[in-house]
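Grab a pencil and have the viewer open beside you. Try each exercise yourself before you peek at its solution.

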Amino acid sequence: MEYVTTTCPYCGTGCGLNLIVSDGKAVGVAPYHRSPVGSGKLCTRGLHAAKALSEWRIEKPAVKGEPVTWDEAVAEAKKLTAYSGDEIAVAISSRLTNEAMFLAACYAREVLGAANIGVVGGGCGASTTTITDLAKADTILMIGDVMKRLPVTGNKLYRVQANGGRLLYLGPESYTAVQADTAVITDEYTKIPDEFSRELAAAANPVVMYLAGDTAAAAITAALPAKTAVLYETNNGRGAAALGLDRFALGEKTKALLIITETPEREEDIYADLMPNLEKLEMIVAVGSNATYLSDAATVVLPAAAVNEYPGTVTSWEGRVQKVRAAAAAPEEAKCPCEIISLLSGGKYAWEDKAAVFADLAAAVPAYAGIVYEEIEKPEGVFLREA
């Protein structure tokens, strides 16, 4: 029995946890009290993080639904290079590590020449506060069901109330609305209610909190005199945004699609909404750890190791860069996503030394400039320069 300290694979809070590993398999979860994010507390999803490594796994490469060797599958997948520009799209999961996303974006630009490169499950925006500082706020405006979507982040808000602070809510009926001191219930919002504007203006330390994919919330809060907590619902949505990856949308001219997926459980399949638009495509290559509706429809399927089966880093909503560690063994034929990108590129990208990949990332992406890979080993991680 071994305890491996790593980062939760679910939401963007970035809770530290210990995966309990036996005979190479993750069999349970234990708290990690040294993490300043959760301080040993986990939500229901985090407590079941071991399931993310065992459910609905893709175990063998396939072409048109038939098992093939890796060499055969890679040769078929390389036919993506027959397309270029608007004809080819690349969708990258915001649940991958920073290193895997970085190499995938490099491959999409430099080898495929794809005009459409985006992220599935991401968002945009950078927070100007941290999870530790949330408790110091005296007034917090919550837009949308933030407490339910990111439970451990939401749990920090009870301390605001305990300290005499105010929780305001704007949005539809929700769990968060019930917990607020004052709630304005509406399915659409185009401006901040006057009463909330007055309370925020009078507060000494106000914070506005909303989900990263909520463009309406971002628009109406842009000019407010308050710190912001922009919450990402996937474990590395903030990392995707820092890499400059916008939300993915399938273009009208797209003929071929490379999609690199990472879905901890099938019922959380965030790719299902793409299905109605896939019939027009000539080729789909799906790289993923777990089966999704998309991998069922793909021309080529390449089995990947899941997060916490290969090492790397992820970035939480507050801009905290933290380690994920190889805790469990991947299925025999599954490969690290970084290795798969290298294979598709014909060996153009070195992948085994994750510290070297991160160094290339830090040199190319201003938000990560100056961050040393070894420093991320600390329980508190390292913050982005812009955080």
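## Exercise 1: A mostly covered helix

Helix α11 has these buried residues: P337, C338, E339, I340, I341, S342 and L344. Keep in mind that you're working with a predicted model.

**Task.** Work out how much of helix α11 is covered, and which elements its buried residues pack against.

**Solution.**
- Step 1: Find the helix at residues 337-344.
- Step 2: Check the cover: 7 of the 8 residues are buried, so α11 is mostly covered, with "buried" meaning under 20% relative accessible area.
- Step 3: Look for the neighbours. Two helices that come earlier in the numbering, α2 (70-77) and α3 (98-112), pack against the buried residues of α11. Strands β13 (256-260), β14 (283-288) and β15 (300-303) do too, along with helix α12 (354-364).
- Step 4: Step just past the helix, and you'll meet G346, which has a positive phi of about 75°.

## Exercise 2: A lysine under cover

**Task.** Decide whether K323 is buried or exposed, then find its polar partner.

**Solution.**
- Step 1: Go to strand β17, residues 320-324, where K323 sits.
- Step 2: Compare its relative accessible area, 7%, with the cut-off of under 20%; K323 is therefore buried.
- Step 3: List what K323 touches, leaving out residues up to four places away in sequence: T6, T7, G312, T313, Y373, I376 and E377.
- Step 4: Pick out the polar partner. The side chains of K323 and E377 make a polar contact at 2.6 Å.

## Exercise 3: A tyrosine in a strand

**Task.** Where is Y169, and which side chain does its own side chain meet in a polar contact?

**Solution.**
- Step 1: Look in strand β9, residues 166-171, for Y169.
- Step 2: Read its relative accessibility: 0%, so Y169 counts as buried.
- Step 3: Follow the side chain of Y169 to the side chain of S174, a polar contact of 3.0 Å.
- Step 4: Now compare sequence with space: M142 is 27 residues away along the chain, but the C-alpha atoms of Y169 and M142 are 4.8 Å apart.

## Exercise 4: The whole chain

**Task.** What does the radius of gyration say when you set it beside the value for a compact globule?

**Solution.**
- Step 1: Start with the expectation: a compact globule of 387 residues would be near 21 Å.
- Step 2: The protein chain has 21 Å, so the two agree.
- Step 3: Add the extent of the C-alpha trace, about 65 × 50 × 40 Å along its principal axes.
- Step 4: Finish with the cover: 59% of the 387 residues count as buried.

Conventions. Residues are numbered from 1 along each chain as its sequence is written. This is a predicted model: local features need pLDDT of at least 70, side-chain atom pairs count only at pLDDT 80 or more; totals for chains, interfaces and linings use all residues. Side-chain values use heavy atoms; hydrogens and water are left out. Helices (H or I, at least four residues) and strands (E, at least two) are DSSP runs, numbered from the N terminus. Buried means under 20% relative accessible area, exposed over 50%, partly exposed in between (1.4 Å probe, protein chains only). A polar contact is a pair of N or O atoms within 3.5 Å; within protein, one must be able to donate a hydrogen and the other to accept it, and residues adjacent in sequence count only if both atoms are side-chain atoms. Contact means heavy atoms within 4.5 Å. The radius of gyration is taken over C-alpha atoms; the globule rule is 2.2 Å times the number of residues to the power 0.38.
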